[in-house]
Amino acid sequence: MNTERVNFQTNLNDLRNKVKELLLLANKMLDEEMYAMAVHNASLALHAFLESLHLEIYGIVPVTSRLRNLIITLVPPGNLENALKRYIEENRRLFEKLEAAYKMSLLSEELSKEEALELIEFVNNTIQLLTELKNRIPKE
C-alpha cells in the first residue's frame, strides 16, 4: 500500500475541511457581533485554502504567512500570474485588512459590521476565483 499517497490525500482533505470549518466559524462570529474575530477566521480559511491548492498542485506547502505571496507562488510567470498580480493590486487594501485582522482581534480592536461583511465576501470571492482558475494552473 502506498502510504505516501494516503497521507497526501489525508492532508489535503484535512486542509479542505479546515477551510469549511473556519468559514462556518467566521459566520458564527458575525452573528455574535465579533467582527474582528469573524474576519480573522475568514483570513485563516483563505490561508488554509491557498495551502490546499499548493499541496494539490505541487505536492508541497510553501512557508509564508502572507496571503499575497501564497497566491502569486501558485503559478509560474505568464498570463495567469499577471492576472493574479492585477487582482492582488486591485484588492491590496482588502488583503492588508485581512492580514491585520489577527492583530486587531488580539488588541480588541473592532471592525464595523459592514467592514467585516465586505472582507468575508472578499474571502469567499477569492476562493471562488481561485477554484475556477485552478484547472488553468499548470501542475509540476
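Here are some short exercises, each with a worked solution, on a model that is predicted.

**Exercise 1. Find the largest nonpolar core and work out which helix gives the largest share of it.**

Solution. Start with the core itself: it holds 46 residues. Those with the most contacts inside it are Val39, Leu46, Leu50, Leu74, Phe95, Leu98 and Leu130. Next, look at where the core residues come from. The elements giving two or more residues are α1 (3–31), α2 (35–58), α3 (67–72), α4 (79–90), α5 (92–106) and α6 (113–133). The largest share, 12 residues, belongs to α2. As background, nonpolar side chains tend to be buried together in soluble globular proteins.

**Exercise 2. Check whether the length of α2 agrees with its residue count, then decide how enclosed α2 is.**

Solution. Take the length to begin with. At 1.5 Å a residue, the 24 residues of α2 should span 34 Å. The end C-alpha atoms of α2 are 34 Å apart, so the two values agree. Now for the surroundings: 20 of the 24 residues are buried, so α2 is largely enclosed by the rest of the structure. Finally, step just past the end of α2, and you meet Gly59 with a positive phi of about 80°.

**Exercise 3. Compare two residues of the loop between α5 and α6, Leu107 and Leu111: is each one buried or exposed?**

Solution. Use the cut-offs: buried is under 20% relative accessible area, and exposed is over 50%. Leu111 has 8%, so Leu111 is buried. Leu107 has 52%, so Leu107 is exposed.

Then see what surrounds each residue. Beyond its neighbours within four places in sequence, Leu111 touches Tyr35, Ala36, Val39, Met104 and Leu119. Val39 has its own list on the same terms, including Leu98, Leu111 and Ile120. Leu107, for its part, joins Tyr102 and Leu106 in a nonpolar patch on the surface, with about 330 Å² of accessible area together.

**Exercise 4. Pick out the residue in the loop between α1 and α2 that has a positive phi without being glycine.**

Solution. Go to the loop between α1 and α2, where you'll find Glu33. Its phi is near 60°, a positive value in a residue other than glycine. Glu33 is also exposed, given its relative accessible area of 56%.

**Exercise 5. Trace the salt bridges of Glu99 to Arg66 and Arg68, and say which parts of the chain they tie together.**

Solution. Begin with Arg66, whose closest N and O atoms to Glu99 are 3.9 Å apart. Arg66 sits in the loop between α2 and α3 while Glu99 is in helix α5, so this pair ties together parts that are 33 residues apart in sequence. Move on to Arg68, where the closest N and O atoms are 3.0 Å apart. Arg68 is in helix α3, so its pairing with Glu99 ties together parts 31 residues apart in sequence.

Check the exposure too. Arg66 is partly exposed at 36%, Glu99 is partly exposed at 27%, and Arg68 counts as buried at 10%. Now widen the view: Arg66, Arg68, Glu96 and Glu99 are linked in a network of salt bridges.

**Exercise 6. Find which helices the salt bridge of Arg93 and Glu118 ties together.**

Solution. First the distance: N to O, the two side chains meet at 2.9 Å. Arg93 lies in helix α5 and Glu118 in helix α6, so the bridge ties together parts 25 residues apart in sequence. Both ends are partly exposed, with Arg93 at 44% and Glu118 at 30%. In total, the structure has nine salt bridges.

Note on methods:
Residues are numbered from 1 along each chain as its sequence is written. This is a predicted model: local features need pLDDT of at least 70, side-chain atom pairs count only at pLDDT 80 or more; totals for chains, interfaces and linings use all residues. Side-chain values use heavy atoms; hydrogens and water are left out. A nonpolar core is a set of buried Ala, Val, Leu, Ile, Met, Phe, Trp, Tyr and Cys residues joined through side-chain atoms within 4.5 Å. Buried means under 20% relative accessible area, exposed over 50%, partly exposed in between (1.4 Å probe, protein chains only). Helices (H or I, at least four residues) and strands (E, at least two) are DSSP runs, numbered from the N terminus. Contact means heavy atoms within 4.5 Å. Patches are made of residues with over 30% relative accessible area and no salt bridge: like charges are joined within 9 Å, nonpolar side chains (Val, Leu, Ile, Met, Phe, Trp, Tyr) within 5 Å. Accessible areas come from the Shrake-Rupley method with a 1.4 Å probe; for residues, only the protein chains shown count as cover. A salt bridge is a side-chain nitrogen of Lys or Arg within 4 Å of a carboxyl oxygen of Asp or Glu. The expected span of a helix is 1.5 Å times one less than its number of residues.
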